[in-house]
Structure formats: structure tokens, C-alpha cells
Amino acid sequence: MTDPIITIEGLSKTYAGGFQALKGVDLAIRRGEIFALLGPNGAGKTTLIGIVCGLVRATGGRVAVDGHDIARDFRAARSRIGLVPQEISTDAFETVWDTVKFSRGLFGKPPNPAHLEKVLKDLSLWDKRSEKIMALSGGMKRRVMIAKALSHEPQILFLDEPTAGVDVELRRDMWQMVRALRDGGVTIILTTHYIEEAEDMADRIGVISRGELMLVEEKSALMRKLGQKRLILQLQEPLAATPPDLDGFDLELSSGGAELIYAFDTQAEATGIAELLKRLAERGIDFKDLRTEESSLEDIFVSLVRSRP
């Protein structure tokens, strides 16, 4: 494994009113990965991002960005980060070009019109470069926020709920661009309410709840370990109840008794499907169709968060 580009150790944050937003979070983000941080509202996602980006002061712990301590060496650490916050905040009276050019200058970078042109073209903003921000649609303003975050050529890009409230086309364009950035060596950390995006995009997934990091897993391992499969049998005749002599199987009836659902472990050596079908046939319970479903990342996420005391 390569050296982590972000190291978070024992990070805690308690606000003035006594609310503990983060509780001893440890996390290492790998260079060049797409890391998705999932959690319900108020879980601590935005606070965590705010501390790493130097916008929020931690109560305890430390953060290093590419070897630079965010508290002791703020400028060097922050210059490596691009941040696209949830809220759209730009100077409405500036043009797109001036806004992005100013953002680059804030980080002490020399002018590079060619880089800014590429960023704007990648985000389908080039034709809008002379327009004032106030004249743009919400989706275009969101693109400007991303262009600002990329203006100083950061090695790390934070996307905090980047596609909340944007249309499907923009969402698709955005993820295409994120993949291209990752292919170019940029590390991406994203939070999202659209869990299917994390399922589609992320290399690793972290789940945070009530300020604690519950788990960090490779996405594929998480899906394998916590994913369940279900066999759904569409019955010829509805059942009033599952046969009592089949209690050894994890069965439930749905659709008014017309469907029999069997949950099985994908990791088990034997799924039990063959035995179940044999036992049903012996009892004269016929089915006209069958299909399997696999639990999504959303199902896994919901079950993890619900399982907390």
C-alpha cells in the first residue's frame, strides 16, 4: 500500500454547547483513491471535512495532509486540497472566468490560463466564461464551485454532497469528470446522499454515525461481507402462512402470500436453495417464476446505522 495522502488520528470535536460531533476518529486516505464517506444527517461528515480543510478547529487529535500538519503547516496542507462545499457561495457579480482566476490566485499560484481553460471546458463552462454568476442556473453554479476547487491544481478534492439538487445530466457529467481526475492521480473524498453513487464510484467506503467511524472497507469486500441475497418464488397458489416444518429456512411471505422469499448467506458453503426447492416440491407447493435479488449498499448502510444502540 502506498503512503496515505491524508492521515487522521484521534480526531474529536465538541462544540460550545457540548455537542460532540466527532469522537476519536482514525482514518487513512490512500493516494489516488475515491473514498466515499456515508452517514445520516448530523453524523459528523461535514465537520470531519471542515477540520481536514482547516475551516473548523478540532478539539483533539491531529490531521496530516501529504505529510503537512493542518494546524502547524496550514498553508502547505491547504494548498493541496480543493473543496466543493454543500452550499453554493460565489460572488454573484463576478464573471465565471474572474471567479476561477481569483480562486487560483488565492493559493499563490502563478497565472495559467491554459489550465483554467481546460477546467472550464471539462465542466462545460467555457461558453459561459464571460457571464456573471448571478445569471447562471443552479446546476451551472455548482459547476463553477467545482472549477474554483480545481483552479489551483490540488492533489486532493473534497466533494461534500456535490450532486444534491442537480439534474441527472449534470450528475453524470460530474462523475465522468471525477473518474478522469482520479485517473490523473487526484485523490477524491466524497459524501453523498445518493448511495448508488458511492456504490458505483468508490474504491473504499467509510460509514460514520453519531461522530464515530463505524467501519472502513473496500467496497467489494463490504458488499460481499454484509450483502445478502434473496430468492423470490412466485407461487402458483397463495399461502396463508409459511409451512411450520420449514422453520429452519429464513422465509417470509409477501404480496398477500403470493410470493415466498428466502434470504440466504452468499458466503455460506451451501445456500440451501436446492434443499428448499426439494422440500417445497414434496409438499406440493408449486411456483411459476423465481428470481434473486442482492442487497444494495443502501440496504447495508441502513442496517449498520440501525444496529447502533
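This note walks through the predicted model, point by point.

1. **Confidence.** Start with how far the predictor trusts its own model. The protein averages a pLDDT of 85. Of its residues, 89% score at least 70. The elements vary. Strand β1, residues 4-14, has the highest mean pLDDT, at 95. Helix α10, residues 297-306, has the lowest, at 66. Read α10 with that value in mind.

2. **Overall make-up.** The protein has 309 residues, and 43% of them are buried. Its elements are 10 helices and 14 strands. Now take the contacts between residues at least 6 apart in sequence. Of these, 69% join residues at least 24 apart.

3. **The largest nonpolar core.** Nonpolar side chains in soluble globular proteins tend to be buried together. Here the largest nonpolar core has 39 residues. Which of them touch the most other members? They are L157, L159 and I188. Helix α5, residues 138-150, gives this core its largest share, with seven residues. Another core lies apart from it and has 26 residues. I8, I49, V65 and F158 are among the members of that other core.

4. **A look at I188.** Leave out residues up to four places away in sequence. I188 then touches L157 and L159, the two residues named beside it for touching the most other core members. I188 also touches E33, I34 and F35. V178, L181 and R182 complete its list.

5. **The largest cavity.** A probe the size of a water molecule, rolled over the atoms, shows where empty space is left. The structure holds two cavities of 30 Å³ or more. The largest has about 60 Å³ of space. Its lining includes I6, L27, I29, F35 and L37. I8, I49 and F158 also line this cavity, and these three belong to the core of 26 residues. Which element gives the largest share of the lining? Helix α1 does, with three residues. Strands β1, β2 and β3 each supply at least two, as does α1.

6. **The largest pocket.** This pocket holds about 320 Å³ of space. It is lined by 14 residues. The closest to its centre are K118, D122, L150, M177 and L181. Helix α6, residues 168-183, gives the most to the lining, with five residues. Helix α4 supplies at least two. L181 links this point to an earlier one: it is in the pocket lining and also touches I188.

7. **H115.** Is H115 buried or exposed? It counts as buried, because its relative accessibility is 18% and the cut-off is under 20%. H115 sits in helix α4, residues 113-122. Its side chain reaches the backbone oxygen of L150 at 3.0 Å. L150 is also one of the residues closest to the centre of the largest pocket. Leaving aside neighbours within four places in sequence, H115 is in contact with R104, S151 and E153 as well as L150.

8. **K101.** This residue has its place in helix α3, residues 96-106. K101 has a relative accessible area of 47%, so it is partly exposed. Exposed would need over 50%. Look next at A147. K101 and A147 are 46 residues apart along the chain. Their C-alpha atoms are separated by 9.8 Å.

Methods
Residues numbered from 1 in each chain as written. Predicted model: local features only at pLDDT ≥ 70, side-chain atom pairs only at ≥ 80, totals over all residues. Heavy atoms only, no water. pLDDT = per-residue confidence, 0-100. Helix = DSSP H or I, 4+ residues; strand = E, 2+ residues; numbered from the N terminus. Buried < 20%, exposed > 50% of the residue type's maximum accessible area, 1.4 Å probe, protein only. Polar contact = N/O pair within 3.5 Å; in protein donor to acceptor, adjacent residues only side chain to side chain. Contact = heavy atoms within 4.5 Å. Core = buried A, V, L, I, M, F, W, Y, C linked by side-chain atoms within 4.5 Å. 1 Å grid on protein atoms, 1.4 Å probe; cavity = no way out; pocket = protein on both sides within 12 Å on 5 of 7 lines; lining within 4 Å. Points joined across faces, edges and corners; volume = space filled by probe spheres on them.
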